[in-house]
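Please open the structure in a viewer and keep the sequence panel visible. The tour below proceeds by selections, each followed by a short account of what is found there.

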Amino acid sequence: MAILSELEPKPVFRYFEEICGIPHGSTNTKKISDYLMAFAEEHELRAEQDSMNNVIIWKEGTPGYENAAPVMIQGHIDMVCEKEEGCDIDFEKEGIRLQLRDGIVSAQGTTLGGDDGIAVAYMLALLDSTDIPHPPLEAVFTVDEEIGMLGAAGIDASGLRARTMLNVDSEEEGYLLVSCAGGVMAVAELPVERQETEGFCAKLVVTGLQGGHSGVEIHKGRANANQLMGRALYELGRLTGTDIPKAPAFRIVSVGGGLKDNAIPRAAEAELVLCVSSRDEVRQLQEKIDELSEICQREFSRTDPNVRLELEAAGEISSVSAMTADGTGKVIAALVSLPGGVQRMSADIEGLVQTSLNLGKLVTDEEKVLFSFAVRSSVETEKQELVSRMRCLMEILGGTVACRGDYPAWEYRQDSPLRDLMVQVFEEQYGRKPEIQAIHAGLECGLFAGKLPGLDCVSFGPDMKDIHTPKETMDAESVRRTWEYTLEVLKRLK
């Protein structure tokens, strides 16, 4: 039985529920891309699908709009796939499980994918409609936005005629976004050697963090589980009185945390070998970690009150393949010293983060540790300088830094007829002025502006909270109001 069938507008929520049943995490977009192509064929609409799975669907203007300038409406079809501990969903093969309570849409134990599934639903409802007045539409569905805007970077825009673009990828109703930061995914790689090491096997865990979006929520001061892990490992070695980081009294077997570069990680864990001789020494280390846990709870009492650090240890000494003392020390040095969080605030726009980075994903294999960052800045040279700082440290430690998914900032346009129209329509519908805002999160608008000279673009959307986390929610009434707002804007683009 459909969960959202009673919500208005019915076509929007029907399509949203359909796409929620299709796996569509980043890099896993073939099925939803094929779904869009099947939709176009069923509705006899011209469409193109490229090798990346980007899709463009064209629809003629309605009567009276045949000669109007075309309008692009755009959103991305991939979502961030995060789930709560114990949730059994396989994101590669399954859709999400929707739930509705008091007009709030969410998912059971996972991210909802309202970012940017609601854009896809709006676009399909428009393309399916027969009674909505609108100019010729170019509906552009991009892939892999959440891992570096790869679809928007690679799409062939030569067939697009529109120079007016509605980007539906904002999460706060009443805000019109007109500028955003540029960014890049930077992956630091640190080779490590291993040897058989004898000691007590242990696991150090960091849990209970709130997480969040590394662009729009980076300024909120929330703890990063991977960075806290670095702090805990350093303290664990220092408190034993050993030479840190050169010869800690333990060895790392593996360390990991986070699932996405652009999501603030909520949990991390490290497999360790404690190089001590007795259970009493193990208990002393556990007590020190308990003390650090209490310190972190006080420090993050406002942002992450449920943070917890814990050292779990096995009962018998055993021999395990672990990183060498040198490798363990270098991993700790990297975790402690690599920059993270807000680096600079804008001097021009009060409250706007100018430059930041987020260690969103930490992975270990037999030969190396990977530190994956989302780096953002509205100043290109600052973005480059931040990557250079990372390279400087990693080269000293014997590692490297590689970048991918580099995308430009979207610069503010002084003269914007679209922005002026959207402000006017908003005031008439809501009885108040919208907020005109630049944001630190990345948007695909900058990439399309570079491909389509003269592009006039605004980004907007309905209310969503806690995106990129299993707490993600979407307000159904806000979806309805934003839909009505979108239709009125299209009606006036004649």
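The stops that follow concern a pocket, a sheet region, a cavity, a group of aromatic rings and two charge-over-ring contacts in a predicted model.

**The second largest pocket**

Begin by selecting K83, E84, E85, R266 and A267, which are the closest to the centre of the second largest pocket among the 26 residues that line it. The volume of this pocket is about 700 Å³. Its lining comprises 9 nonpolar, 9 polar and 8 charged residues. Next, colour β10 (194-207), β12 (250-257) and β14 (268-274), each of which supplies at least two lining residues. The largest share, 3 residues, comes from β10.

**The strands behind the lining**

Keep these strands displayed and centre the view on β14. Strand β14 runs antiparallel to β10, to which 7 bridges join it. It also runs antiparallel to β12, again with 7 bridges. Select A268 in β14: this residue is the bridge partner of V206 and also of G257. Strand β14 is mostly covered, with 5 of its 7 residues buried.

**The largest cavity**

Move now to E172, E173, G174, Y175, L176, F426, Y430, F460, G461, T482 and Y485, the lining of the largest cavity. The space enclosed is about 60 Å³, and the count of cavities of 30 Å³ or more is 1. Of the lining residues, 6 are nonpolar, 3 polar and 2 charged. Showing β8 (175-180), α9 (417-430) and α11 (476-492) displays elements that each supply at least two of these residues.

**The aromatic cluster**

From the cavity lining, retain F426, Y430, F460 and Y485, which ring pairs link into a cluster. The model contains 6 aromatic pairs. One of them, F426 with Y430, is stacked, at 4.0 Å centre to centre and 15 degrees between the planes. These two residues are 4 residues apart in helix α9, and therefore separated by about one helical turn. With a relative accessibility of 2%, F426 counts as buried because the cut-off is under 20%; Y430, at 18%, is buried as well.

Turn next to F426 and Y485. Their ring centres are 5.8 Å apart and their planes stand at 90 degrees, so the pair is edge-to-face. This pair links distant parts of the chain, F426 lying in helix α9 and Y485 in helix α11, 59 residues apart. At 3% relative accessibility, Y485 is also buried.

**Two charges over rings**

Finally, select R14 and Y15: R14 lies over the face of Y15, 4.5 Å from the ring centre. Then select R46 and W58, where the charged end of R46 sits over the ring of W58 at 3.8 Å from its centre.

Note on methods
Residues are numbered from 1 along each chain as its sequence is written. This is a predicted model: local features need pLDDT of at least 70, side-chain atom pairs count only at pLDDT 80 or more; totals for chains, interfaces and linings use all residues. Side-chain values use heavy atoms; hydrogens and water are left out. On a 1 Å grid over the protein atoms alone, a cavity is a set of points where a 1.4 Å probe fits but cannot get out, and a pocket is an open set with protein on both sides within 12 Å along at least five of seven lines; lining residues have an atom within 4 Å of a point. Grid points are joined across faces, edges and corners, and a volume is the space filled by probe spheres set on the points. Ala, Val, Leu, Ile, Met, Phe, Trp, Tyr, Cys and Pro count as nonpolar, Asp, Glu, Lys and Arg as charged, and the others, Gly among them, as polar. Buried means under 20% relative accessible area, exposed over 50%, partly exposed in between (1.4 Å probe, protein chains only). Two strands pair if DSSP finds at least two bridges between them. Rings of Phe, Tyr and Trp (its six-membered ring) pair if their centres lie within 6.5 Å; planes under 30 degrees apart count as stacked, over 60 as edge-to-face and the rest as tilted. A charge sits over a ring if NZ of Lys or CZ of Arg is within 6 Å of the ring centre and within 35 degrees of the ring normal.
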